[in-house]
Amino acid sequence: MAFDNLCKLLSEKYPDRFATWLLGQPVTPLKVLKTELSIEPIRADSITFLQTQDRILHLEFQVKLDSDPPLPLRMLDYWVRLHRLYRLPITQILVCLLPPPPGTPIADTFELENTRHQYQVVCLWEQDPTPLLNDIALLPLAPLAATTNPEQLLTSIAQQINRIESTQQRQEVSSYTQILAGLKFRQPLIQQIFRESLMRESVIYQEILQEGLQEGRQQGLQQGLQQGLEEGRRAEGIALVLRQLTRRFGELDESTRSRIADLPLATIEDLSEALLDFAQANDLETWLQTQPPAH
């Protein structure tokens with residue numbers, strides 16, 4: 001699903017930062033393994049394999065613990081395949097994004113007769129948010145960290161994102177953070193804190209807002225302001241989606257770019273999540289064909 005896939009994307013984009021956070025010490029040099037494991041195709045949407053000089057680090061991200069085959073058996077299966085292929089020690093860490101229903105145990109061991117295999121479990125809702133807030137690579141995970149005041153934590157995250165100097169990086173981190181925050185927070189609250197607070201810093205937003213204000217003086221200040229806010233959010237969303245798609249699949253043709261530029265704000269937001277599951281460029285075309293025509 002999209003949340004697992006996003007965590008995989010982040011861990012492969014910032015492997016050293018994730019490894020340092022989870023292992024509690026700097027790990028260098030480090031490379032991402034793009035490997036096919038034998039026997040059966042491996043479920044790769046939530047898994048990251050990293051290699052140091054003398055160790056393999058296997059990260060698995062999960063929203064739900066239900067799995068077929070069960071997670072403990074899968075972890076053992078991955079360990080055997082990786083060890084057979086690389087002949088190196090393996091550290092396995094299961095990162096749980098959301099707490100399971102009350103009373104549900106979180107297994108960290110596979111055990112059957114004489115076979116026993118153990119791995120580490122990190123429950124994100126038990127983690128101190130401070131290290132996540134202080135690292136751009138980990139910031140999108142911060143909404144799911146431990147807190148007694150979730151709304152205040154989300155506000156602090158938005159303020160931290162506002163301090164990112166690079167406009168492109170600020171927009172990317174904001175987008176990733178809002179997606180993962182959707183696991184825990186209602187969309188209206190996320191939009192209130194991010195869509196209005198963060199976009200006030202963008203040049204595009206400011207320009208369109210000014211146009212909306214000027215038009216508002218003629219047609220009614222409130223209506224013009226609302227139109228400026230709405231169009232500013234849509235323009236920011238289109239720019240971010242186009243960058244993400246170009247990064248994954250290369251330069252888009254003009255026809256595709258125009259179709260995306262004509263999409264309404266709600267559809268742009270849907271696309272920002274859907275594209276995380278696209279495996280190839282054709283998936284974008286298929287998705288666009290399912291959308292109603294722009295008015």
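A residue counts as exposed when its relative accessible area is over 50%, and as buried when that area is under 20%. The structure analysed here is a predicted model. Glu-113 has a relative accessibility of 77% and is therefore classed as exposed. This residue sits in the loop that links strand S5 (109–112) to strand S6 (115–118). Its backbone is also notable: phi of Glu-113 is positive, at about 50 degrees, although the residue is not a glycine.

Arg-87 presents a second case of positive phi in a residue other than glycine, with a value near 55 degrees. Arg-87 belongs to the loop between H3 and S4. Its relative accessible area is 57%, so Arg-87 is exposed. Most residues other than glycine have a negative phi, and most peptide bonds are trans.

The peptide bond between Asp-68 and Pro-69 is cis. Its omega is about 5 degrees. Pro-69 is located in the loop that runs between strand S3 (56–62) and helix H3 (71–86).

Attention turns next to a polar residue in a strand. Gln-92 is part of strand S4, which spans residues 90–96. With a relative accessibility of 4%, Gln-92 is buried, because the cut-off for that class is under 20%. Two histidine side chains make polar contacts with the side chain of Gln-92. One is His-58, at 3.0 Å. The other is His-117, at 2.6 Å. Beyond four places away in sequence, Gln-92 touches both of these histidines, together with Met-75, Tyr-78, Trp-79, Tyr-119 and Gln-120.

The nonpolar interior was examined last. In soluble globular proteins, nonpolar side chains tend to be buried together. The largest nonpolar core of this model comprises 62 residues. Phe-18, Leu-154, Ile-157 and Ile-260 have the most contacts inside that core. Apart from the largest core lies another, made up of eight residues. Its members include Leu-33, Tyr-78, Leu-82 and Leu-88. Tyr-78 is thus listed in this eight-residue core, and Tyr-78 is also among the residues that Gln-92 touches.

The surroundings of Phe-18 were listed without residues up to four places away in sequence. On that basis, Phe-18 touches Leu-10, Ser-11, Leu-59 and Phe-61. Ala-137, Leu-138 and Leu-141 are also in contact with Phe-18.

Terms used:
Residues are numbered from 1 along each chain as its sequence is written. This is a predicted model: local features need pLDDT of at least 70, side-chain atom pairs count only at pLDDT 80 or more; totals for chains, interfaces and linings use all residues. Side-chain values use heavy atoms; hydrogens and water are left out. A nonpolar core is a set of buried Ala, Val, Leu, Ile, Met, Phe, Trp, Tyr and Cys residues joined through side-chain atoms within 4.5 Å. Buried means under 20% relative accessible area, exposed over 50%, partly exposed in between (1.4 Å probe, protein chains only). Contact means heavy atoms within 4.5 Å. Helices (H or I, at least four residues) and strands (E, at least two) are DSSP runs, numbered from the N terminus. A polar contact is a pair of N or O atoms within 3.5 Å; within protein, one must be able to donate a hydrogen and the other to accept it, and residues adjacent in sequence count only if both atoms are side-chain atoms.
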